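This report describes how side chains and helices come together in one protein chain, with attention to aromatic rings, the nonpolar core and helix contacts.

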Amino acid sequence: MADTLSTYYHSPVGLLKITGTNDYISEVIFHDTSQKPEGKKKHFPPMLINCVEQLIQYFNGQRRQFELPLNQSGTPFQQGVWAELVQIPFGRTISYLELARRTGDTKATRAVANANGKNNIAIIVPCHRVIGANKELVGYAGGLWRKKWLLEHEAKVAYGVQTLF
């Protein structure tokens, strides 16, 4: 198994822990803890550096789509849901019901929501773009304030819209 390393990026929505190898990114999670991140390492795989650079571009409004190889473990169903998430266009949202429809079963809304919540590659696999059928912000592992911030950021970049919610 390839050696995994982690680095941290102080983003506008808080500290992000980024984990990966020379070949792929396996995790981008919000690091909300009082525990200090490990000391700085002198060498990071180019993949981690590339990921941080693409996140910086995203937050600066210069990137709408990520170009990174991803590898996160999950069931075939979860993998299918995550594959659908990356198809949601920048600046757009869909409902959990629509996400269930796209995965082939409108009765699987709860299962889709559960798989969405198990996504460990935040922002890059844009689970924040899934909202309630009533257009309300619901469920986000990183906190609803972050979901709101990310959606408003994307709307502003894509359409010049200042506030959605």
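At 29% relative accessibility, Trp-149 counts as partly exposed in this model, which is predicted. Its ring partner Phe-59 is buried, with a relative accessible area of 9%. The two ring centres lie 5.8 Å apart with the planes at 50 degrees, so the pair is classed as tilted. Because Phe-59 belongs to helix H1 and Trp-149 to helix H5 (residues 144–159), this pair ties together parts of the chain that are 90 residues apart in sequence.

**Aromatic pairs**

The structure holds six aromatic pairs. One of them joins Tyr-58 and Phe-90 in an edge-to-face arrangement, with 6.1 Å from centre to centre and 80 degrees between the planes. This pair also links distant parts of the chain, since Tyr-58 sits in helix H1 (residues 46–59) and Phe-90 in the loop between helix H2 (76–85) and strand S4 (94–95), 32 residues apart. Tyr-58 is buried, with a relative accessible area of 0%, and Phe-90, at 10% relative accessibility, counts as buried too. Through ring pairs, Tyr-9, Tyr-58, Phe-59, Phe-66, Phe-90 and Trp-149 are linked into a cluster.

**The nonpolar core**

In soluble globular proteins, nonpolar side chains tend to be buried together. Here the largest nonpolar core has 38 residues, and those with the most contacts inside it are Ile-18, Val-28, Leu-55, Phe-59 and Ile-123. Two or more residues of this core come from each of strand S2 (14–20), strand S3 (25–30), H1, H2, helix H3 (96–103) and helix H4 (109–117). H1 gives the largest share, seven residues. Phe-59 therefore appears both among the core residues with the most contacts and in the tilted ring pair with Trp-149.

Which residues does Ile-18 touch, leaving aside its neighbours within four places in sequence? Ile-18 is in contact with Leu-5, Ser-6, Thr-7, Tyr-9, Ile-25, Glu-27, Val-28, Leu-48, Cys-51, Val-52 and Leu-55. One of these partners, Thr-7, is found in strand S1 (residues 5–11) and is buried, with a relative accessible area of 13%. With the same exclusion of neighbours within four places, Thr-7 is in contact with Leu-16, Lys-17, Ile-18, Phe-44, Leu-48 and Val-52.

**Helix contacts around H4**

Helix H4 is in contact with H2 and with H3. The axes of H2 and H4 come within 9 Å and cross at roughly 80 degrees, and these two helices are therefore roughly perpendicular to each other. On the H2 side the contact involves Phe-77, Gln-78, Val-81, Trp-82 and Leu-85, which meet Ala-111, Val-112, Ala-115 and Asn-116 in H4. By class, the residues of this contact of H2 with H4 divide into seven nonpolar, two polar and no charged.

H3 and H4 pack at an angle of about 100 degrees, with their axes 8 Å apart, and these helices, too, are therefore roughly perpendicular to each other. Tyr-96, Leu-97, Leu-99, Ala-100 and Thr-103 of H3 make the contact with Thr-109, Val-112, Ala-113 and Asn-116 of H4. The contact of H3 with H4 has six nonpolar, three polar and no charged residues.

**Residues in the loops**

Three loop residues deserve a separate look, and the table sets out where each is found and how accessible it is.

| Residue | Loop | Relative accessible area |
|---|---|---|
| Ile-123 | between H4 and strand S5 (130–131) | 1%, buried |
| Gly-132 | between S5 and H5 | 9%, buried |
| Lys-135 | between S5 and H5 | 60%, exposed |

Ile-123 has a phi near 70 degrees, a positive value in a residue other than glycine, and it is also one of the residues with the most contacts inside the largest nonpolar core. Phi of Lys-135 is likewise near 70 degrees, again positive in a residue other than glycine, but Lys-135 is exposed, whereas Ile-123 is buried.

Where does the chain come back towards Gly-132? The C-alpha atoms of Gly-132 and Tyr-96 are separated by 6.2 Å, although the two residues are 36 residues apart along the chain. Leaving aside its neighbours within four places in sequence, Gly-132 is in contact with Ser-95, Tyr-96 and Val-138. Of these, Tyr-96 also takes part in the contact of H3 with H4.

Technical notes: Residues numbered from 1 in each chain as written. Heavy atoms only, no water. Phe/Tyr/Trp six-rings, centres within 6.5 Å; stacked < 30°, edge-to-face > 60°. Helix = DSSP H or I, 4+ residues; strand = E, 2+ residues; numbered from the N terminus. Buried < 20%, exposed > 50% of the residue type's maximum accessible area, 1.4 Å probe, protein only. Core = buried A, V, L, I, M, F, W, Y, C linked by side-chain atoms within 4.5 Å. Contact = heavy atoms within 4.5 Å. Axes fitted to C-alpha atoms, helices over the stretch in contact; angles between N-to-C directions. Parallel < 35°, antiparallel > 145°, perpendicular 65-115°, else oblique. Nonpolar A, V, L, I, M, F, W, Y, C, P; charged D, E, K, R; others polar.
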